[in-house]
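Colleague: I have just opened this one and would like a walk through it. Could you take me through the main points?

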Amino acid sequence: MLNVKNLKTIFPTDRGIVKAVDGVDFSLKHGEIVGLVGESGSGKSMTMLSILRLVPPPGRVDNGEIIFEGKNLGDASPREMMRIRGKEIAMIFQDPMTTLNPVFKIGEQIRESMRIHGLFKENEVFFRDLFKKKQKAKEYNRAIELMKEVGIPAPHLRYNDYPHQFSGGMQQRALIAIALACEPKLLLADEPTTALDVTIQAQILELLKKVNKIHRTSIILVTHDLAVAAEFCHEIAVMYAGKIVERGPVDKVIENPKHPYTKGLLASIPKITKVKKKIKAIPGNVPDLAGLDKTGCAFFDRCDEVVPRCKEVEIPMEEVRPGEFVRCIHYTSKGVRASG
Amino acid sequence: MDEENRNKPLVNIKNLKKHFIKKPSFLGKTLLKQKKTVLKAVDGVDLDIHQGETIGLVGESGCGKTTFGRTIVNLYKPTSGNITYKGINIRDIKEENMKTFRQAVQIIFQNPYSSLNPRKTVGDILSVPLKNRGITDKTEREVKIGKLLNRVGLAPRHISSYPHQFSGGQRQRIGIARALAVQPEFIVADEPVSALDVSVQAQIINLLQELQEEYNLTYLFIAHDLSVIHYVSDRVAVMYLGKVVEIAETNELFNNSLHPYTKALLSAIPTVDRKKRQDRIILEGTVPTPVDIPSGCRFKTRCFMKKDKICDVEEPKFIDIGNGHKVACHLYR
């Protein structure tokens with residue numbers, strides 16, 4: 001349904017070109033949930049914005065194809081993109097407080113995308129005013145229905161509330177309602193639970209799961225929390241410095257990680273077990289993309305399995321087993337891992 | 001540690017309350033008949049902290065964790081209740097002796113971006129606590145700063161850098177160095193890792209643990225991430241709406257939690273381990289506002305195990321059910 005091929009998004013800066021997204025490939029089927037995992041600055045959010053063609057200037061998509069339902073979004077005109085955004089592909093942003101407009105009522109904001117996409121528009125142009133009332137009533141009912149669906153209590157009363165009257169969890173629910181208004185086929189969720197407490201996080205993830213099941217909406221979940229991705233997604237792609245370094249079915253990636261970065265991430269999460277094991281941190285910091293050397297693996301200076309060739313050759317994505325991809329020198333077809 | 005010290009807590013907190021009062025303006029009072037509102041951020045906490053241990057404090061945002069931590073280090077004056085540090089009530093410490101207390105007790109702040117002055121170099125930032133300690137010689141200070149920086153995993157050459165030149169994890173290291181500079185005994189770590197990336201978070205946690213062993217530090221570790229709390233703490237206290245609802249040894253709390261809120265909190269942790277996943281208790285609603293705390297049990301509005309009328313009427317007592325496992329719930333009495 002969605003097929004992203006060799007996506008590259010760049011930002012020209014005075015320190016040189018920053019490759020925020022550097023050759024990302026992945027695909028998504030109907031009703032599937034894919035998790036995009038990585039630390040801050042790894043290019044997860046930029047990948048999402050590139051799909052919607054919302055990369056803030058001076059950044060731009062430099063290369064690559066985004067095929068959505070057989071149509072290349074790279075070739076779509078701004079008008080066509082507007083029709084796709086919100087209707088076919090909807091996005092939930094990280095921080096609900098800044099995403100919602102503080103001066104409009106929650107209900108009106110849910111109605112907005114239905115109005116823009118003309119969900120209940122009558123065809124007649126004559127007597128438009130007559131139909132407008134009818135259209136508005138339909139939109140109102142749908143908004144109430146949506147608020148009920150996402151679990152906002154007393155929707156008739158809450159329709160007239162402003163964002164600041166909602167708690168963080170409720171705001172996130174309102175955002176999900178807005179995203180679902182036009183029944184999109186694809187939902188891009190950018191860290192939807194990061195700003196929330198664990199108990200509220202559990203509520204929101206449960207809600208997204210329900211949406212996925214009932215409407216068969218495909219979801220791309222962007223998160224830095226491997227545990228959230230592990231529970232929620234069918235497939236996981238781990239990103240590092242603008243590249244996907246490992247991709248595969250969730251169980252395979254979590255239980256048998258191949259890339260040293262994935263292994264490191266898994267080892268640095270404290271686990272709740274009876275006997276406490278010392279957690280292993282990945283040394284060093286997330287690299288600054290502007291100063292990044294062009295060739296080789298970006299993880300080489302933090303990696304404990306590094307070999308001199310890591311920095312010399314461009315490392316391709318290799319399909320280790322059907323559906324499992326790794327970008328690491330130890331798994332390239334020429335140098336299949338000799339040890340362990 | 002000898003037997004006598006073990007029984008005497010380093011910090012003893014009794015019925016600590018911190019209320020913030022908002023008075024209406026003159027107009028609001030006269031025309032709109034507004035009344036003053038009281039936000040009960042910390043509302044009666046009892047806690048003993050022993051020498052050399054790490055107490056984890058968990059709770060959702062707005063439950064009063066941070067206020068509690070700040071009240072203990074005397075950044076806020078408590079509304080009522082007592083904090084005794086090494087047998088001395090903090091209220092009785094005279095202004096001139098406050099310096100000694102402030103050196104023994106330090107705090108590491110949550111946000112490494114806002115807790116360091118952007119106009120001062122690392123050297124300036126770390127000089128202040130050293131000056132307070134009475135080290136007036138500049139070269140001696142510089143040697144000390146170099147050692148401190150080395151200890152927290154930075155290089156002595158960083159002494160003339162400004163905070164913006166560092167990443168989040170490195171800045172948190174500076175914050176830790178600042179706290180260490182006065183050779184404290186007790187450190188309140190207020191969400192020291194929640195603003196950091198996972199791979200860096202592990203580095204900081206490990207650093208804090210090494211320092212604890214080296215200097216025999218006592219920590220109050222405030223966090224909302226339960227897996228981090230489990231990893232660092234000897235005992236864990238769970239806070240809800242300004243009160244500690246359950247406290248126990250870490251493994252006891254994680255394996256044998258009693259309070260419904262703790263149960264729900266624990267079941268909500270996402271895990272990477274598929275076998276460990278359990279049925280999730282999804283709590284309804286959100287934390288009520290601390291301006292208007294429910295009568296009776298403060299958790300009753302979200303509780304899934306509510307017993308009977310007693311939960312509505314009577315506030316549950318904080319009772320010990322053995323082995324230092326205390327819980328405030330009507331189910332256990």
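Modeller: What follows goes through the two chains and then a few residues, and please keep in mind throughout that this is a predicted model.

Colleague: How many helices and strands are in chain A?

Modeller: Chain A has 11 helices and 12 strands. Its radius of gyration is 22 Å, close to the 20 Å that the globule rule gives for 340 residues, so chain A is as compact as a globular protein of that length. Along its principal axes, the C-alpha trace of chain A spans about 75 × 50 × 40 Å.

Colleague: And what comes to chain B in helices and strands?

Modeller: The secondary structure of chain B comes to 12 helices and 12 strands. With a radius of gyration of 21 Å, close to the 20 Å from the globule rule for 333 residues, chain B is likewise as compact as a globular protein of its length. Its C-alpha atoms fill a box of roughly 70 × 60 × 45 Å along the principal axes.

Colleague: What share of the residues is buried in chain A, and what share in chain B?

Modeller: Buried residues make up 52% of the 340 residues in chain A, and 53% of the 333 residues in chain B. As for the surface, chain A exposes about 15,900 Å², with carbon and sulfur atoms supplying 55% of it, while chain B exposes about 15,900 Å², with 49% supplied by carbon and sulfur atoms.

Colleague: What about charges, how many positive and negative side chains does chain A have?

Modeller: Chain A carries 51 positive and 42 negative side chains, and the centres of the two sets lie 2 Å apart. In chain B there are 50 positive and 36 negative side chains, with the centres of the two sets 7 Å apart.

Colleague: Which side chain of opposite charge is nearest to A:D190?

Modeller: That is A:K44, at 6.6 Å, and A:D190 has no salt bridge although it is buried. A:D190 lies in strand β7 of chain A, which covers residues 186-190. Leaving aside residues up to four places away in sequence, A:D190 touches A:S45, A:M91, A:I92, A:F93, A:Q94 and A:V222.

Colleague: How many salt bridges are there over all chains?

Modeller: A search of the whole structure finds 30 of them over all chains. One of the pairs is A:E305 with A:K263, whose closest N and O atoms are 3.2 Å apart. This pair links distant parts of the chain, 42 residues apart, since A:E305 sits in the loop between α11 and β11 of chain A and A:K263 sits in helix α11. A:K263 counts as partly exposed because its relative accessibility is 27%.

Colleague: And A:R321 with A:E324, is each one buried or partly exposed?

Modeller: At 40% relative accessibility A:R321 counts as partly exposed, whereas A:E324, at 6%, counts as buried. The closest N and O atoms of their salt bridge are 3.8 Å apart.

Colleague: Last topic, which residues of helix α4 in chain A are buried?

Modeller: Helix α4 of chain A runs over residues 106-116, and its buried residues are A:I106, A:G107, A:Q109, A:I110, A:R111, A:S113 and A:M114. Just after α4 of chain A, A:G118 takes a positive phi of about 60°.

Technical notes
Residues are numbered from 1 along each chain as its sequence is written. Chains are lettered from A and ligands numbered from 1 in the order in which they are written. This is a predicted model: local features need pLDDT of at least 70, side-chain atom pairs count only at pLDDT 80 or more; totals for chains, interfaces and linings use all residues. Side-chain values use heavy atoms; hydrogens and water are left out. Helices (H or I, at least four residues) and strands (E, at least two) are DSSP runs, numbered from the N terminus. The radius of gyration is taken over C-alpha atoms; the globule rule is 2.2 Å times the number of residues to the power 0.38. Buried means under 20% relative accessible area, exposed over 50%, partly exposed in between (1.4 Å probe, protein chains only). Accessible areas come from the Shrake-Rupley method with a 1.4 Å probe; for residues, only the protein chains shown count as cover. Lys and Arg count as positive and Asp and Glu as negative; His and the chain ends are not counted. The place of a charge is taken as NZ of Lys, CZ of Arg, CG of Asp or CD of Glu. A salt bridge is a side-chain nitrogen of Lys or Arg within 4 Å of a carboxyl oxygen of Asp or Glu. Contact means heavy atoms within 4.5 Å.
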